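Visitor: I am new to this structure and would like to learn how its features are read. Could you take me through a few of them, step by step?

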Amino acid sequence: MTPTVLFQSLWNDYIQRLCPSADKVHHLLQEDEALINDHIALRTFNVAPLGIETLAKPFLALGYVACGDYVFESKKLVAKHYEHPDSTQPKVFISELKVEECSPALQAIVEKLVHQVDSNKLNSSDFLYGGRLWQLSYSDYLQLANESEYAAWLAAHGYGANHFTVSVNQLQAFNEVKAVNDHLRQAGFTINENGGEVKGTPDVLLEQSSTMADKVPVQFTEGVEVIPGGFYEFAKRYPMVNGELYSGFVAASADKIFESTDMQ
């Protein structure tokens, strides 16, 4: 296994199951060189055996190292990001829901889901793009969504890339994140405007934006329902005092990017 193989598997799952429109975005922005993927994001629960460390293991085995910690108090989330020594490899942002801080009703649903997990499946990196490891009712999904969009999304979709991210720094046709947004709007895409259409500023060394999530069909125990899936993000990084591009994340911006999967 190499990072290239793993990310290709994640991409294939992402455009087939979670964000079919990403393939169109990819072609809209594609230039002479292959698009650089700045980072992907994965979601999980902080309940054993499904915490951040479990999702990080396949990446650590490929040489990734933990580089930053983030807290999202209002959403009851924490996160870490990981980088590879080869800076051309995508960064990985893994978040988890602090289930113990949620309501007893949410905790009971999550416990029911985690109880179904075959922990042997977690020994292979395949689970990172394998979808759900449990059965889920639509009624439970709606109950989760009333309290935590994050919990509902994760329960419904399981494991896979919540989003991929185009590096705006690489693009020749567009110098600014807003210009990318305008181009995509003209092509019929909806941009996440929660907290402003461009999250972050040059002062914090990172600007980000994203499409709103695709609506995709998901199988529940009662039948198929169409719900928010994955989205595509765009990031522009600015140089630090040493001249190198900032490689971390800004919690205040990421907080609003999470809302790309909110029900509309």
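Guide: Let us start with a pair of helices, keeping in mind that this is a predicted model. Angles from 65 to 115 degrees count as roughly perpendicular, and H1 and H2 are therefore roughly perpendicular to each other. The axes of H1, residues 3-18, and H2, residues 22-29, cross at roughly 110 degrees and come within 8 Å.

Visitor: Which residues of H1 and H2 make the contact?

Guide: From H1 come Trp 11, Tyr 14 and Ile 15, while H2 brings Ala 22, Asp 23 and His 26. Sorted by class, the contact of H1 with H2 has four nonpolar residues, one polar and one charged.

Visitor: Which residues have the most contacts inside the largest nonpolar core?

Guide: They are Leu 10, Tyr 14 and Phe 59, in a core that has 78 residues. Leaving aside residues up to four places away in sequence, Tyr 14 touches several others, among them Pro 20, Phe 164 and Phe 231.

Visitor: How should I read the backbone angles?

Guide: Most residues other than glycine have a negative phi, and most peptide bonds are trans. Here, Ala 48 and Pro 49 are joined by a cis peptide bond, with omega at about 5 degrees, and Pro 49 is found in the loop between strand S1 and helix H3. Lys 76, although not a glycine, has a positive phi of about 60 degrees, and its place is the loop between strands S2 and S3.

Visitor: Why does Lys 76 count as partly exposed?

Guide: Partly exposed covers the range between under 20% and over 50%, and Lys 76 counts as such because its relative accessibility is 27%.

Key: Residues are numbered from 1 along each chain as its sequence is written. This is a predicted model: local features need pLDDT of at least 70, side-chain atom pairs count only at pLDDT 80 or more; totals for chains, interfaces and linings use all residues. Side-chain values use heavy atoms; hydrogens and water are left out. Axes are lines fitted to C-alpha atoms, for helices over the stretch in contact, and angles run from 0 to 180 degrees between N-to-C directions. Helices (H or I, at least four residues) and strands (E, at least two) are DSSP runs, numbered from the N terminus. Angles under 35 degrees count as roughly parallel, over 145 as roughly antiparallel, 65 to 115 as roughly perpendicular and the rest as oblique. Contact means heavy atoms within 4.5 Å. Ala, Val, Leu, Ile, Met, Phe, Trp, Tyr, Cys and Pro count as nonpolar, Asp, Glu, Lys and Arg as charged, and the others, Gly among them, as polar. A nonpolar core is a set of buried Ala, Val, Leu, Ile, Met, Phe, Trp, Tyr and Cys residues joined through side-chain atoms within 4.5 Å. Buried means under 20% relative accessible area, exposed over 50%, partly exposed in between (1.4 Å probe, protein chains only).
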